[in-house]
Amino acid sequence: MTENVLQLIYKHKLFKLFVPRELGGRMASLPEAVRIFVECSRIDGSFGWLVNIGSGGGFFASLMESHVAHSVYMSPEAVIAGSGAPSGVAKRVDGGYIVNGSWKYCSGSTHATVFTANCIVEPEVDEQQGAQPEIRSFVLMPEQIEIHRDWNAFGLKATASHTIMTKEAFVPEERTFLLAELKGYGEEPVYQYPFLPFAQASFAAVSLGIAKHFLEEARELILLKKRDAHVLEKLERQEGLLKEREAMFLEAVEQSWNELLQDQQLTEASRQEVSAECLLTARTALACGLELFPFLGLSAAMQDSAVNRAWRDLQTACQHALLIPAE
């Protein structure tokens with residue numbers, strides 16, 4: 001991601017959509033943020049992905065001690081990169097923990113000001129055997145992290161989704177948190193929204209935006225190359241399906257948000273409905289590429305073409321675990 005694009009993100013606080021205003025954030029509602037993710041991803045897939053991932057780190061502001069959150073988020077350029085996979089190990093020591101591990105697919109790794117990573121905490125001698133291991137989140141500084149530049153996916157190339165590693169890093173107790181333990185800003189509705197549908201809505205919005213970009217580029221190519229009428233008909237069908245799906249997706253997010261504001265929680269049925277809408281939106285977005293790409297000709301197969309780049313970004317985004325149906 002170029003410096004000019006990063007400066008644009010900082011200027012509009014796009015990495016701070018879910019950061020409280022007193023920490024220098026923008027604090028958008030989920031429906032507003034989802035629309036921003038769609039539009040950013042329509043402009044460029046990597047741009048939208050990084051705005052989504054970067055802003056998602058604001059969710060942790062409510063889980064950190066207030067003075068730690070202040071140090072993490074107050075900088076105009078503040079942004080977290082990291083991983084939710086518990087692929088590290090932490091050992092308790094006086095005042096904190098010693099952390100070792102590596103975490104894959106940390107989008108935004110090269111411009112992150114802070115990293116977060118989940119670790120399994122080694123049980124102490126007097127702990128009950130067979131007890132469920134504790135999984136704790138750790139705030140790591142850039143100087144404690146080594147970036148292994150191994151992101152070689154064929155799409156979303158500018159996301160710097162590399163593996164990060166740390167070895168024998170000391171993390172004080174105050175720079176750790178638990179995902180189920182709210183410590184502040186409980187009055188902000190977004191922190192009350194269930195995390196799984198929150199994350200799925202964010203990723204589905206990215207897939208939707210990239211699909212819109214793909215269809216725009218496909219239309220331009222079809223008209224330029226004067227493809228047969230049946231190809232244009234296929235395009236228009238996919239445009240109609242995506243537009244209809246977008247409306248239903250945005251409505252589901254809006255309704256769930258209104259329910260949260262009114263009742264301070266979502267029912268299990270509402271959670272499942274939002275998740276289902278997100279998965280269907282991602283599948284519909286992906287289908288746009290799969291259905292239309294074979295009819296675009298060799299020009300679309302060239303990696304330096306805009307339609308090819310959008311197609312590759314779409315395939316890559318829809319491989320995220322939260323967008324893959326269970327069946």
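**Helix packing and the largest pocket**

In the predicted model, helix H3 meets helix H5 through Gly45, Gly48, Trp49, Asn52 and Ile53 on the H3 side and Ser202, Phe203, Val206 and Ile210 on the H5 side. Of the residues in this contact, 5 are nonpolar and 4 polar, with no charged residue. The two helix axes lie 10 Å apart, and the packing angle is about 165 degrees. H3 is therefore roughly antiparallel to H5, as the angle is over 145 degrees. The crossing of H3 past H5 is right-handed.

Helix H5 also packs with helix H2, which spans residues 30–43. Here the axes are 7 Å apart and the angle is about 35 degrees. This crossing, too, is right-handed. H2 contributes Leu30, Val34, Phe37, Val38, Ser41, Arg42 and Ile43 to the contact. H5 contributes Phe198, Ala201, Ser202, Ala205, Val206, Leu208, Gly209, Ile210, Lys212, His213 and Glu216. By class, the H2 contact with H5 holds 11 nonpolar, 4 polar and 3 charged residues. Ser202, Val206 and Ile210 of H5 appear in the contact with H2 and also in the contact with H3.

H2 has a further partner in helix H6, residues 229–263. Their axes come within 9 Å and cross at roughly 155 degrees. H2 is thus roughly antiparallel to H6. On H2, the contact is made by Leu30, Pro31, Val34, Arg35 and Val38. On H6, Glu246, Phe249, Leu250, Val253, Glu254 and Trp257 take part. The H2 contact with H6 comprises 8 nonpolar and 3 charged residues, with no polar residue. Leu30, Val34 and Val38 of H2 touch H6, and these residues also belong to the contact of H2 with H5.

The largest pocket encloses about 1,300 Å³ of space. Its lining consists of 50 residues. Ile53, Ser83, Gly84, Phe203 and His320 lie nearest the pocket centre. Ile53 of H3 and Phe203 of H5 are also part of the contact between those helices. By class, the lining has 30 nonpolar, 18 polar and 2 charged residues.

Both helices and strands build this lining. At least two lining residues come from each of helix H3 (45–56), helix H5 (195–225) and helix H8 (306–317). The same holds for each of strand S1 (80–93), strand S2 (96–106) and strand S3 (114–121). Strand S1 supplies the largest share, with 7 residues.

Note on methods:
Residues numbered from 1 in each chain as written. Predicted model: local features only at pLDDT ≥ 70, side-chain atom pairs only at ≥ 80, totals over all residues. Heavy atoms only, no water. 1 Å grid on protein atoms, 1.4 Å probe; cavity = no way out; pocket = protein on both sides within 12 Å on 5 of 7 lines; lining within 4 Å. Points joined across faces, edges and corners; volume = space filled by probe spheres on them. Helix = DSSP H or I, 4+ residues; strand = E, 2+ residues; numbered from the N terminus. Nonpolar A, V, L, I, M, F, W, Y, C, P; charged D, E, K, R; others polar. Axes fitted to C-alpha atoms, helices over the stretch in contact; angles between N-to-C directions. Parallel < 35°, antiparallel > 145°, perpendicular 65-115°, else oblique. Left-handed = near helix turned anticlockwise from the far one by under 90°. Contact = heavy atoms within 4.5 Å.
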